[in-house]
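Visitor: I should like a close look at the aromatic side chains and at the parts of the chain that surround them. Please take the matter step by step.

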Amino acid sequence: MIEQLWRGVAASAAVAVLAGCGGGGSSASGSTAPPLSAQAELGERIFNDVSLSASGQQSCASCHDAANGHAPANSLAAQLGGASLDLQGGRSTPSIRYLAFNTAFHFDAEGTPTGGFFWDGRATSLQDQSGRPFLNGVEMANANAAEVIDKLSRASYAAQFRQLFGADIFSRPDDAFTRVTLVLQQYQREDADFRPFSSKYDEFLRGNANLSEQEVRGLALFNRADKGNCAACHPSAKAADGSHPLFTDFSYDNLGVPRNPELAQNADPTFFDLGLCAREGGDMAARGDLCGAFKVPSLRNVALRRVLFHNGRFKSLKDALTFYVQRDTHPEKWYPLNSDGSVNKFDDLPATYRANVNTSEAPYNRRPGDAPALSDAEIDNVIAFLSTLSDGYAP
């Protein structure tokens, strides 16, 4: 059975070396990446510059560490920021790797919310997303764009910025800030480190590596609609054009993740993070059916992540996957008890919106007393497969 599965997957993943950003098939050991443009080089310097924050100690790279798949290098449920780096954010910091393949928020042909940047899709592009942390009071905490540009005008690369955008650019702070966000976007689009496609699984798809028997079993369980059913939101197969999978369909889901007491905002029992329906601007306020829905992240480099889910509730793949398959069969393991001894299931949502939680698709279509969709050993197999999605594979 394993041998047949192995041959079938390998056949569908016939060797193909694809060129360009969208192909996702370039070999990690192939041609050298082209040099960055002047704009992207400037974006790289800004990305790593802690002086552009109110604390003078935080940059984009502080929360998006390349060694950790451009996700945080710590296990905090939410990162600390502000002028004194003592203010906690409200959500976990997602990876920004492979994010250049994302699109602006939209509803697809079936009416499914898709795309957008951040957990609630409120930013429309990499450029839009890049600028917001500079002005967020619990992140880099600048009061306005002019404050960011004043700091930048005293940076070691200020002359380079003037050379690209004009000698008077710093006298026009709003225009200058727009240029900051543009070069940050350009850096993420050009630098192959943000889209290396250099995992063991990529090499397997290229025909340059073999998966172990446990990894093959894990892939099968990942794909099976009656088991993990992970591929329903995290596609694992090549696209029709031969490009390698991103392991996200950029959609949204409501998983009923348990409330996380590590988040300071949750000390208020009346506070609930409602996600998509409550994002700034109020454009989704009328869509009560979307309350509690959050962006489906890519699973590339997921084995490197220190916290999982939008609220950072879980800190290991083992716990996260066990929650997935036992949420409905053993809810008492994940949620607190009410005063009458019943389980307060989906406790991070007000009662009004608990019906929004996904309970129809596997592995959530279970009841107390049912067997979980995956056994403990099968969970370990899936984790073995997920570990093949970490970039930087060296045979």
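Guide: The account below begins with the model itself and then turns to the aromatic pairs, the helices and some single residues.

This is a predicted model, in which local features need a pLDDT of at least 70 and side-chain atom pairs count only at pLDDT 80 or more, whereas totals for chains, interfaces and linings use all residues. Residues are numbered from 1 along each chain as its sequence is written, and side-chain values use heavy atoms, with hydrogens and water left out.

The pLDDT is the predictor's confidence in each residue, from 0 to 100. The protein chain averages 93 on this scale, and 92% of the residues score at least 70. Over residues 1-23 the pLDDT stays under 50, and the model has 42 contacts for them beyond four places in sequence; a contact means heavy atoms within 4.5 Å. Residues 25-29 also have a pLDDT below 50, with 15 contacts in the model beyond near neighbours in sequence.

Rings of Phe, Tyr and Trp (its six-membered ring) pair if their centres lie within 6.5 Å; planes under 30 degrees apart count as stacked, over 60 as edge-to-face and the rest as tilted. By this rule there are 25 aromatic pairs. In one of them, the ring centres of Tyr-201 and Phe-247 are 5.7 Å apart and the planes stand at 70°, so this pair is edge-to-face. The two residues come from distant parts of the chain, 46 residues apart: Tyr-201 belongs to helix α8 (residues 200-205), and Phe-247 to the loop between α9 (213-223) and β5 (252-253). Helices (H or I, at least four residues) and strands (E, at least two) are DSSP runs, numbered from the N terminus. Tyr-201 counts as buried at 3% relative accessibility, and Phe-247 counts as buried at 0%. Here buried means under 20% relative accessible area, exposed over 50%, and partly exposed in between (1.4 Å probe, protein chains only).

A second pair joins Tyr-324 and Tyr-364, whose ring centres are 6.1 Å apart with planes at 40°, so it is tilted. This pair too links distant parts of the chain, with Tyr-324 in helix α10 (residues 317-326) and Tyr-364 in the loop between α10 and α11 (376-386), 40 residues apart. Tyr-364 is buried, with a relative accessible area of 7%. Both tyrosines belong to one aromatic cluster, formed by Phe-309, Phe-314, Phe-323, Tyr-324, Trp-334 and Tyr-364. Beside Tyr-364 in sequence, Pro-363 is joined to Ala-362 by a cis peptide bond with omega of about 10°. Pro-363 lies in the loop between α10 and α11.

Charged groups also meet rings. A charge sits over a ring if NZ of Lys or CZ of Arg is within 6 Å of the ring centre and within 35 degrees of the ring normal. The charged end of Arg-313 sits over the ring of Phe-314, 5.0 Å from its centre. Likewise, the charged end of Arg-122 sits over the ring of Phe-118, at 4.0 Å from the centre. Phe-118 lies in the loop between β4 (113-114) and α4 (126-135), and is buried, with a relative accessible area of 17%. Its phi is near 80°, a positive value in a residue other than glycine. Most residues other than glycine have a negative phi, and most peptide bonds are trans. His-70 also has a positive phi, near 60°, and counts as buried at 3% relative accessibility.

The helices complete the setting. Helix α10 is mostly covered, with seven of its ten residues buried. These are Leu-317, Ala-320, Leu-321, Thr-322, Phe-323, Val-325 and Gln-326, and what covers them includes α11. Helix α11 also meets α9: their axes come within 7 Å and cross at roughly 100°. That makes α9 roughly perpendicular to α11, a term for angles of 65 to 115 degrees, while those under 35 count as roughly parallel, over 145 as roughly antiparallel and the rest as oblique. The axes are lines fitted to C-alpha atoms, for helices over the stretch in contact, and angles run from 0 to 180 degrees between N-to-C directions. Among the residues that meet are Phe-222 in α9 and Phe-385 in α11.

Finally, Phe-107 is in strand β3 (residues 106-107) and counts as partly exposed at 33% relative accessibility. Beyond its neighbours within four places in sequence, Phe-107 is in contact with Thr-112, Pro-113, Met-284, Arg-287 and Leu-290. The C-alpha atoms of Phe-107 and Met-284 are separated by 12 Å, although these residues are 177 apart along the chain.
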